[in-house]
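Q: Could you take a close look at the aromatic rings here and tell me how they sit together? A bit of context on the rest of the fold would be welcome too.

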Amino acid sequence: MLIEDQLIRQEAFTTTEKRIADYLKANRETAVYMTIEELAKATYTSHSAIIRLCKKLSFSGFREFRFEFGREVHQMKAQFNQIIDPNFPFTDKDDSQSIAKKMADLSIQSIKKAQLQLERQSIDAIATALNQANRMFIFAKGDSQITARK
């Protein structure tokens, strides 16, 4: 799961951790360059609260979190020059051609975001397990039944 998604979900976050997460979401591009001291000062929290949040997000500490968060922010920025809001992808002032382009861009954006979440080691392990399996059972529903039967 992307760090950004974890910061949005805020599962089991304390109020202090929610404040830090909200700051990180709102200030992504500047926060990746902040030291732990600067982040603590900006969020009115302590170093230990930031480290607890990093550990809750499965990182060993702030340095590892900041590196991965920075990598994710820069990848997202490089891939999505114009991010389309999936809740409101177009307005009533857009013409049909503009709406079609925005919907296509939104589909591409969703696929690229899903690709960023894939971990190569996991995919390799799954592919190896499938190749070594004696039998496979495929369950499908709806239109995917046609593909599953082939």
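A: Here's the aromatic part, with the ground rules up front and the wider fold after it. This is a predicted model, where local features need pLDDT of at least 70, side-chain atom pairs count only at pLDDT 80 or more, and totals for chains, interfaces and linings use all residues. Residues are numbered from 1 along each chain as its sequence is written, and side-chain values use heavy atoms, with hydrogens and water left out.

Rings of Phe, Tyr and Trp (its six-membered ring) pair if their centres lie within 6.5 Å; planes under 30 degrees apart count as stacked, over 60 as edge-to-face and the rest as tilted. That rule gives three aromatic pairs. Take Phe 62 and Phe 65: their ring centres are 6.4 Å apart with the planes at 35 degrees, so this pair is tilted. For Phe 65 and Phe 69 the centres are 5.4 Å apart and the planes sit at 10 degrees, so that pair is stacked. Put together, Phe 59, Phe 62, Phe 65 and Phe 69 make up one aromatic cluster.

Now the backbone behind it. Helices (H or I, at least four residues) and strands (E, at least two) are DSSP runs, numbered from the N terminus. Phe 62 and Phe 65 are about one helical turn apart because they are three residues apart in helix H6 (residues 62–79). Phe 65 and Phe 69, also both in H6, are four residues apart, again about one turn of the helix. An α-helix has 3.6 residues a turn, so residues three or four places apart point the same way.

As for burial (buried is under 20% relative accessible area, exposed over 50%, partly exposed in between, with a 1.4 Å probe and protein chains only), Phe 62 and Phe 65 are both buried, and Phe 69 is buried as well.

Step back to helix H5 (residues 47–56), whose buried residues are Ala 49, Ile 50, Leu 53 and Cys 54. These cover an arc of only 140 degrees around the axis (taken from the directions from the helix axis to the C-beta atoms), which puts them on the same side of H5. Just after H5, Ser 58 has a positive phi of about 75 degrees.

Zooming out, the protein has nine helices and zero strands. Its C-alpha trace spans about 60 × 55 × 25 Å along the principal axes, and buried residues are 27% of the 150 residues.
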